[in-house]
Amino acid sequence: MIVIDPEHQSAQDNYKLLIGSIIPRPIALVTTLSADGVLNAAPFSFFNIVSSNPPMVSVSVQRKNGIQKDTARNAAAQDAFVVHIADETYVEAMNATAAQVASDVSEVELAGLTAVASDRIKVPGVLEASIRMECVLEHALPLGGTEDSPACDLLIGRVVRFHIADSLYENGRIDPDGLKPVSRLAGHDYAKLGERFTLARPE
């Protein structure tokens, strides 16, 4: 096997190894609200479950040259954000929200998505997603890089509302085939759900 010391190569080279190895990754389309009322949206594949009691999720928002992105800054200012599960029905619009635009431009409007009011938080969600989660910010942790220039902001949100399409929900469970989730690979590549198989856990 090839053995690589991450300290002996660039952060970009380490990034390529991580995103090429840790696949497929679930994608969160995250909406936040700026102080001026602009509804920001961006997709993140550094995203996962933290806890079920209470329900919490994590989103890692990478910085550029130590500067916070709108998502991290807005989430910290409003103490809230909305996570949407990426699926095939709106994947092109979701990808459009990744455009590098000024902070006063709404990626939701840019992508032709529809804003929908939340129940418990001020931040609106996106109507097109089959699953969305209203989150209250529990922690925002600057990590990596240096003390003066962190590499990312790890957002941990407590889910205070689940919104799930009727067609996906049955007896407390989600239909994965109906959801048609989209996951992230490396480069410009994505993956669909694909073949499923079952393995019982050892007792």
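How many bridges join E6 to E9, and do the two strands run parallel or antiparallel? In this predicted model, five bridges join the pair, and the strands run antiparallel. On the E9 side, the residue standing opposite His84 is Arg132. E6 also pairs with strand E2 (residues 28-33), again in an antiparallel arrangement, this time through four bridges. Here His84 turns up once more, with Leu29 standing opposite this residue of E6. So His84 has Leu29 of E2 as one partner and Arg132 of E9 as another.

Strand E6 itself spans residues 80-85 and is mostly covered, with six of its six residues buried. In a regular strand, side chains alternate between the two faces of the sheet. In E6, Ala80, Val82 and His84 point one way, while Phe81, Val83 and Ile85 point the other way. Both sets are buried, which here means under 20% relative accessible area.

Stepping back to the whole chain, there are five helices and 14 strands. The radius of gyration comes out at 17 Å, close to the 17 Å that the globule rule gives for 203 residues, so the chain is as compact as a globular protein of that length. Taken along the principal axes, the C-alpha atoms fill a box of roughly 50 × 50 × 35 Å. Of the 203 residues, 38% count as buried. Among contacts with a separation of 6 or more, 60% are between residues 24 or more positions apart. About 12,400 Å² of the chain is exposed, and carbon and sulfur atoms supply 52% of that area.

Next come the charged pairs. Side chains of opposite charge can pair when their charged atoms come close. The count here comes to six salt bridges, including one between Asp153 and Arg63, at 2.8 Å from N to O. Asp153 sits in strand E10 (residues 152-164), whereas Arg63 belongs to the loop between strand E5 (55-62) and helix H2 (70-78), so this pair ties together parts that are 90 residues apart in sequence. Both Asp153 and Arg63 are buried.

Strand E10 also supplies Arg158, which forms a salt bridge with Glu138, the closest N and O atoms being 2.8 Å apart. Glu138 is part of strand E9 (residues 131-143), so the pair links E10 to E9 across 20 residues of sequence. Where the Asp153 and Arg63 pair is buried, Arg158 is partly exposed, with a relative accessible area of 28%. Glu138 also counts as partly exposed, at 32% relative accessibility.

Another salt bridge brings together the side chains of Arg196 and Asp177, at 2.5 Å from N to O. Arg196 comes from the segment after strand E14 (190-191) and Asp177 from helix H5 (residues 176-179), so the parts tied together are 19 residues apart in sequence. Asp177 counts as partly exposed, at 43% relative accessibility.

Finally, the surface has a nonpolar patch. Ile2, Ile4 and Leu17 form this patch, with about 320 Å² of accessible area together. Ile2 lies in the segment before helix H1 (11-21). Why does Ile2 count as exposed? Its relative accessibility is 76%, and exposed means over 50%.

Notes: Residues numbered from 1 in each chain as written. Predicted model: local features only at pLDDT ≥ 70, side-chain atom pairs only at ≥ 80, totals over all residues. Heavy atoms only, no water. Patch = residues over 30% accessible without salt bridge, like charges linked within 9 Å, V, L, I, M, F, W, Y side chains within 5 Å. Areas by Shrake-Rupley, 256 points an atom, 1.4 Å probe, with all protein chains shown as cover. Salt bridge = Lys/Arg side-chain N within 4 Å of Asp/Glu carboxyl O. Buried < 20%, exposed > 50% of the residue type's maximum accessible area, 1.4 Å probe, protein only. Rg over C-alpha atoms; globule rule 2.2 N^0.38 Å. Contact = heavy atoms within 4.5 Å.
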